[in-house]
2 protein chains.
Amino acid sequence: MVTMRDVAQRAGVSIATVSFVLNDTKPVTAATRRRIEQAMSELGFRRNVVARALASRRTHIIAMAYPALDHKFGFTAAEFFTSAADAARKQDYHLVLWPVGNDGTELTELVGQGLVDGVVLMEVQLDDPRVGILQETGTPFALIGRTTELAGLDHVDIDFDTTVEEAVGYLHGLGHRRLALISGNLKDPVFRTYGPYVRSEAAYRRVAAEYGLETVVLESGGSTRAGQEAAAQLIREHPETTAVLVVNEFAALGVLSGLTRLGHNVPADISVLPLLMSPETAAMSDPELTIMRTPGPELGQLGTEALIRQLEGATPLPPQLIPATLHPAGSTAPPRSPGDR
Amino acid sequence: MVTMRDVAQRAGVSIATVSFVLNDTKPVTAATRRRIEQAMSELGFRRNVVARALASRRTHIIAMAYPALDHKFGFTAAEFFTSAADAARKQDYHLVLWPVGNDGTELTELVGQGLVDGVVLMEVQLDDPRVGILQETGTPFALIGRTTELAGLDHVDIDFDTTVEEAVGYLHGLGHRRLALISGNLKDPVFRTYGPYVRSEAAYRRVAAEYGLETVVLESGGSTRAGQEAAAQLIREHPETTAVLVVNEFAALGVLSGLTRLGHNVPADISVLPLLMSPETAAMSDPELTIMRTPGPELGQLGTEALIRQLEGATPLPPQLIPATLHPAGSTAPPRSPGDR
DNA sequence: GCAGATCGGTAAAGCGGTTAACTGGGGTGT
DNA sequence: ACACCCCAGTTAACCGCTTTACCGATCTGC
């Protein structure tokens, strides 16, 4: 292994000077800098990040904590992760994916070891025990998602209000007047306290009221199967519905296939519009779903950047809310009789 | 931060002794061990893994290198990862997911820094440049998948022969005599050298011959869209087919929806059986696909264990090949006229 | 022209562990 | 009773890098 000592020797300088050019932390004349850089490349030097971490008490590693149990790691989560990893790399950090339980014991374990400088928390619950743990241990962190109590927490999240406004506006513009929302399963404590369900439902009720629409909200679990059942329930209880919004992306797939199976043509008979879905997931459906695209890449990047700002002692940016964006495809169309009530 | 020094002081021993009980690396009397353990728990000591790594030249971190660009990180990959992470944790290692390009520059970067003890390589190409890099740098590694040249490489992989035998046997047992395989896109260099396509196609040709069946093989990209196109081609060119095997899981979803869209009922008119799919992906389809389940959890675990054995200097296990297992569901059924030729 | 500031560079003390070499107090065998 | 070994513990030298003093030489202002 080539160490800084070797480089220093070959360049005829002290090891400290090498460190200074490496980190750009003290001025060095162009000449010596050149000598050192040449020595480094000749020797194929790579700084040992472990030693650096020990000496500087900064590992430059940040963990993305993902609750492996409660949420499936699908395409959407992958988008968050890869964009976050890219953002981290651009700033000379490593980002690693860390599967943790939702209770926080593994999280305690993780941060106690001094391996990571900070944590990006995904799939945050409205009242998330992990936030408390991170605060107690003094670990820097940023949230993707929001707890109820936000005082001073670095976070980024989906702008549910704008998302729902755009979704409803789009459907209304097509002529739909009989909408329904398929939200989360309120009997499941995990999802009852899960921001996306709670916030998009609230936004939907508000926006629907503004448009003077009747508000139909059904519950559904977060699986394709549950979505199919919700579709059946919708047809049974609200057959007049011409367009349906679905919060969960897997449920949305089920709603689509459930409606089709029951003999309803999407989009001719009824439009389906997921409020949060990745393009990859949408591409798997037939017809391809019109979606509100989850701003995964944006949020992954912003969350990571917020954390890094915090780590570097920069002034924190205000929390950012990013709306999902409409990507029209094949699951939405005007209702059979436009303006029908 | 509580250090070993603090623990040693409180227990009235030297810091070395603390290290010995921590790592169980030298005998310590029950009495002192108890004192030390008590001191540790009273102080809430957690060993600093960075310092340990520096001193022992072992970070106890292993990276799972995933080629983020060429392959989508879906449910199947997630299965590999989580099971590998679990296996690692059980043996006192951390496993992190590391997105790398397929060329290997980022991999060089990663292993040069001394951050990881070893690498688990996923989605191995038949002739993978990354393998060479790891060998040159002397990094321990294990493969999930296989290169063509296997001499002495630790690896685990899918047992394509058994998988295809079981799949074809199952369909044959249902009465199917007109099968087709939808494999990878041979025009795409990435997939032409991708083991699962090459090996399952070879196995299919062999097994089909054994059964005395005509061998129909179509190409397809690895997307839902491509699968739909392959389905159309199949109907056009081989309308007599009663059952179709699909290698790629996303293509399989497309084959299913493509057939349905063209007015063919699955499974009544034609059976669809993906050779490699995760249950989560299967659950998203309608009808739910009968699948050969990718042995992701098994392979993730075995690959990690193989690497750890190598790291610990244990005698390597022979390479293991695990077949995918049949999970019957709704996409397979006897052909319309059993035994039809 | 001289004190003081500035600037490029060095020496050395850690960071929190691991681990080889060593110590000293019993047991053993003869 | 003596040499020897064994065993639990200790001492101290690293691991490779960061960072704070510190130092001598050159610049700067008056």
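**Protein chains A and B around DNA strand C**

A backbone N or O atom of Ala55(A) lies 3.3 Å from a base oxygen of DNA strand C. This is a predicted model, and that contact is a good place to enter it. Two further contacts reach phosphate oxygens. From chain A, a polar side-chain atom of Thr32(A) sits 2.8 Å from a phosphate oxygen of DNA strand C. From chain B, the approach is made by the backbone: an N or O atom of Asn48(B) is 3.3 Å from a phosphate oxygen of the strand.

Which elements give two or more residues to the surface near DNA strand C? In chain A they are helix H2 (15-23) and helix H4 (49-56). In chain B they are H2 and helix H4 (49-56). H2(B) supplies the largest share, with 5 residues.

Now take the surroundings of the strand as a whole. DNA strand C is surrounded by 28 residues. The closest are Thr17(A), Lys26(A), Thr29(A), Thr32(A) and Ser19(B). On the DNA side, sugar and phosphate make up 64% of the atoms of strand C that come within 4 Å of the protein. On the protein side, the residues of this surface comprise 14 nonpolar, 9 polar and 5 charged.

H2(B) deserves a second look. This helix spans residues 15-23 of chain B, and its buried residues are Thr17(B), Val18(B) and Val21(B). Why do they line one face of the helix? Viewed down the axis of H2(B), the buried residues fall within an arc of 105°, so they share one face. What covers them includes two other helices of chain B, H1 (4-11) and H3 (30-43). After H2(B) comes Asp24(B), which has a positive phi, near 55°.

Leave the DNA and turn to a sheet in chain A. Strands of a sheet pair through backbone hydrogen bonds, either parallel or antiparallel. Here the pairing is parallel, in an open sheet of 4 strands ordered E7-E6-E8-E9. The edges are strand E7 (217-218) and strand E9 (271-274) of chain A, each of which pairs on one side only.

Follow the sheet to its E9(A) edge. Strand E8 (residues 243-246) of chain A runs parallel to E9(A), and 4 bridges join the two. Across from Leu273(A) in E9(A) stands Leu245(A).

Methods: Residues numbered from 1 in each chain as written. Chains lettered and ligands numbered in written order. Predicted model: local features only at pLDDT ≥ 70, side-chain atom pairs only at ≥ 80, totals over all residues. Heavy atoms only, no water. Buried < 20%, exposed > 50% of the residue type's maximum accessible area, 1.4 Å probe, protein only. Arc of directions from axis to C-beta. Contact = heavy atoms within 4.5 Å. Near = heavy atom within 4 Å. Polar contact = N/O pair within 3.5 Å; in protein donor to acceptor, adjacent residues only side chain to side chain. Nonpolar A, V, L, I, M, F, W, Y, C, P; charged D, E, K, R; others polar. Pairing = 2+ DSSP bridges.
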